[in-house]
Amino acid sequence: MHILTVLKRTTMSTLIFEQRKFIVFQTDMKLLTRLWMTFGTYSIQGMFARGQVGQIDQNRQWSRALDGSDYLPGMVGLNNIKETDFVNVTIQSLMRVTPLRNFFLIPENYAHCKSQLVLRFGELARKIWHARNFKGQVSPHEFLQAVMKASKKRFRIGAQSDPVEFMSWLLNTLHGDLKSSIKGRSIIHQCFQGELEVVKEIHGDSGNGMETSRMPFLMLGLDLPPPPLFKDIMEKNIIPQVPLFNILKKFDGETVTEVVRPRIARMRYRVTRLPKYLILHMRRFTKNNFFVEKNPTLVNFPVKNLELKDYIPLPAPVENRRLRSKYDLIANIVHDGKPGEGSYRVFVQRKSEELWYELQDLHVSETLPQMVALSETYMQIYEQQQ
C-alpha cells in the first residue's frame, strides 16, 4: 500500500490519506467528523466547480488551515526553495490575471495537454486559491521540478534568475504546450498578446533602407534614462525619478531607439493592438563582459487609471466598439539590493476588497496603495478596464 500522506497519529486513532480516501483505524469520531467537514466539499487537490471559480473575487472570508493557521485564499506565502524568489513573484503576479487563473483552476480546460509544466502550474494555482489547505502556505516544489526539466535547467533551484526572463520563458512555453490548432491561439495569447508596428531604418555600406513590419508581443520593455553621475551638496548620490508616461513614448511611433544587434539600426515602434493584460518591464540591469550595473531610477506610475491614449497614438477601434485604453495596476514586482544579488518581492491587489498586499516568499502583509509606487519597480501587470 502506497501511503501518500499521514495526516495525524494519536493514541486514539491513526488516519491515513491514500488516493483521496480516508482509512481509519481505532477511529476517533470527533477527529474524523472534523476532517470530513473540512474536506467534504473539496478534494485534496483543491478541485473547483465552475460556479465556485466565478465567485472567487467576491470572497472576503479568511480560511483556516488544518494546522490551525488563518490565511486568505489567493494571498498565501510560497516557500523559497533556495533562491527561487524569482519564480515566486512571477507566480504571484500571474495569479492576479483573472481569466488565466480561472482557466487553470478547471483541469478539464487542458485535459488534452500532457505537458507536466501545464499540469503542475494548474495544480499550484489550485493550491494557492484553495479554501481548505493543510497549511496557510504552499510549496511550489513540484512546479519547480517541471520548470527545471522543461527549461533544461536554464531555471533551477539554487540559482538566482531574472523574473523578466522567467516570465517570458514561462508564457511562451505554456502557450506552446496549450495552443490549439485553431490559429494557434491559447489562453496566454488571449490575455497578453498585443501587436506593434516596427519601422526599421538601416544605414550601411550597401546603402540606406527602411523596413516596416508587424510584430506580436507579450510584454513591452521600457528604457530608463541613465542616472546622474554627480552627487548633491550632502555628498549623496541623487536618485532620479521619471514618469512612466515619459518612457512609454518609446512606443509613440516617432521616438527613435538605437539598436546594435543583430546590426546597427534605428527603430520606431507603435502599438497597433492593445492586450487585455499589459506587462511592462523596466530595463533596470545592464550587462557587460565584466559586471552587471543596476539603474536606480524610480519610475512614477499610477496605480489606477493609466490612460494610454493620452500619451501614445493608438489604433482606431473597430466599428461600434469603444477604445479600451485605460488600465489598472494589479501586480508590481520589485528588486531590492545589488545587481546579481538582492531579492525580489511583489505587490498584488486583492480584488474582493481592492486592498494591496506585499508578498515576499512566506511573508504576506497588507500595505497601502501609496507604498506600491515607492519602490524600484522592475515588472508590472496592468489590467484593461472593461
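**Aromatic pairs**

I began with the rings of this predicted model, and by the centre-to-centre rule, with its limit of 6.5 Å, I arrive at 15 aromatic pairs. The pair I looked up in detail is that of Phe155 and Phe166, whose ring centres are 5.2 Å apart and whose planes stand at 75 degrees, so that I enter the pair as edge-to-face, the cut-off for that class being over 60 degrees. I then placed the two residues along the chain: Phe155 belongs to the loop between helix H6 (141-150) and helix H7 (163-178), while Phe166 is in helix H7 itself, eleven residues apart from its partner, and the pair thus links distant parts of the chain.

Are these two rings buried or exposed? I note a relative accessible area of 2% for Phe155, which is therefore buried, and of 0% for Phe166, which is buried as well.

Elsewhere I followed ring pairs from residue to residue and found that they link Phe103, Phe104, Tyr110, Phe121 and Phe143 into a cluster. I also looked up a charge over a ring, and recorded that the charged end of Arg101 sits over Trp129, at 4.6 Å from the centre of the ring.

**Strand E20 and its partners**

I turned next to strand E20, residues 343-350, which I describe as mostly covered, since seven of its eight residues are buried. Strand E19 (residues 326-336) pairs with E20 in the antiparallel sense, over six bridges, and I noted Asp336 as the residue that stands opposite Ser343 of E20. The hairpin of E19 and E20 has six residues between the strands, and there I found Gly337 with a positive phi near 105 degrees.

E20 also pairs with strand E21 (residues 355-360), again in the antiparallel sense, this time over five bridges, and I recorded Leu355 in E21 as the bridge partner of Arg350. The hairpin formed by E20 and E21 has four residues between the strands, and in its turn I noted Glu354, with a positive phi of about 55 degrees.

**Lys250**

My last entry concerns Lys250, which I located in the loop between helix H9 (244-248) and strand E12 (257-259). Its relative accessible area is 9%, and because the cut-off for buried is under 20%, I list Lys250 as buried. Which residues does Lys250 touch, not counting those up to four places away in sequence? I wrote down Gly221, Asp223, Thr255, Thr257, Tyr269 and Arg283. With Asp223 there is also a polar contact, in which the two side chains are joined at 3.3 Å.

How values were computed. Residues numbered from 1 in each chain as written. Predicted model: local features only at pLDDT ≥ 70, side-chain atom pairs only at ≥ 80, totals over all residues. Heavy atoms only, no water. Phe/Tyr/Trp six-rings, centres within 6.5 Å; stacked < 30°, edge-to-face > 60°. Buried < 20%, exposed > 50% of the residue type's maximum accessible area, 1.4 Å probe, protein only. Lys NZ or Arg CZ within 6 Å of the ring centre and 35° of its normal. Pairing = 2+ DSSP bridges. Polar contact = N/O pair within 3.5 Å; in protein donor to acceptor, adjacent residues only side chain to side chain. Contact = heavy atoms within 4.5 Å.
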